[in-house]
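Work through the exercises below with the sequence and the structure side by side, and try each task yourself before you read its solution.

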Amino acid sequence: MNFNVYIEDELGEKLKQVCQVTGKKRNAIVREALESWLSQNQLSTWSKLIDNFEGDKNIVPFESYRSELQPPTDEDLI
C-alpha cells in the first residue's frame with residue numbers, strides 16, 4: 001500500500017540524519033516506526049487486565065462436571 005505522509009521540516013531533517021547514520025531507507029525507518037507504534041497501541045475490545053487474565057489454576061474447570069449432567073427431557077425442550 002502506498003500513501004503520502006506530510007511531516008514538519010524538523011522531523012524530516014531528523015529522519016534524514018537517521019537514514020545517513022544507519023544506512024537505512026526512509027521508507028524502511030517509517031515502516032519500522034509504524035509497526036512498533038501499532039504493536040504497542042493495539043486496539044482491543046477488552047482491557048489489558050482481561051486480555052492478560054490467565055485464570056485461577058486452583059479452580060476446577062466447569063467443563064469437568066459435564067459428565068454428571070442429565071440429558072434434557074422432552075418437556076425441557078418445549
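**Exercise 1. Describe the fold, and decide whether the protein is a compact globule or more spread out.**

Solution. Begin with the secondary structure of this predicted model, in which the protein has three helices and zero strands. Reading along the sequence then gives the pattern α-α-α. Next, compare two values: the radius of gyration is 27 Å, whereas the globule rule gives 12 Å for 78 residues, and because the former is well over the latter, the protein is more spread out than a compact globule. As a further step, look at the extent of the C-alpha trace, which spans about 75 × 35 × 20 Å along its principal axes.

**Exercise 2. Find what percentage of the residues count as buried, and describe the exposed surface and the charges.**

Solution. Start with burial, for which the cut-off is a relative accessible area under 20%; of the 78 residues, 5% count as buried. Turn then to the surface, where the protein exposes about 8,400 Å², with carbon and sulfur atoms supplying 55% of that area. Finally, count the charged side chains: there are 9 positive and 14 negative ones, and the centres of these two sets lie 19 Å apart.

**Exercise 3. Locate the largest pocket and work out which element gives the largest share of its lining.**

Solution. The space in the largest pocket comes to about 720 Å³. Its lining is made up of 17 residues, and those that lie nearest the centre of the pocket are F3, V5, R26, N27 and V30. To assign the lining to elements, note that α1 (9-22) and α2 (26-40) are the ones that give two or more residues to it. The largest share comes from α2, which supplies eight residues.

**Exercise 4. Place P71 in the chain and decide whether it is buried or exposed.**

Solution. First find P71 along the sequence, where it belongs to the segment after α3 (48-51). Then apply the cut-off, by which a residue is exposed when its relative accessible area is over 50%; P71 has 64% relative accessibility and therefore counts as exposed. As a last step, relate P71 to K48, from which it is separated by 23 residues in sequence and by 39 Å in space, C-alpha to C-alpha.

Key. Residues numbered from 1 in each chain as written. Predicted model: local features only at pLDDT ≥ 70, side-chain atom pairs only at ≥ 80, totals over all residues. Heavy atoms only, no water. Helix = DSSP H or I, 4+ residues; strand = E, 2+ residues; numbered from the N terminus. Rg over C-alpha atoms; globule rule 2.2 N^0.38 Å. Buried < 20%, exposed > 50% of the residue type's maximum accessible area, 1.4 Å probe, protein only. Areas by Shrake-Rupley, 256 points an atom, 1.4 Å probe, with all protein chains shown as cover. Lys, Arg positive; Asp, Glu negative; His and termini not counted. Charge placed at Lys NZ, Arg CZ, Asp CG, Glu CD. 1 Å grid on protein atoms, 1.4 Å probe; cavity = no way out; pocket = protein on both sides within 12 Å on 5 of 7 lines; lining within 4 Å. Points joined across faces, edges and corners; volume = space filled by probe spheres on them.
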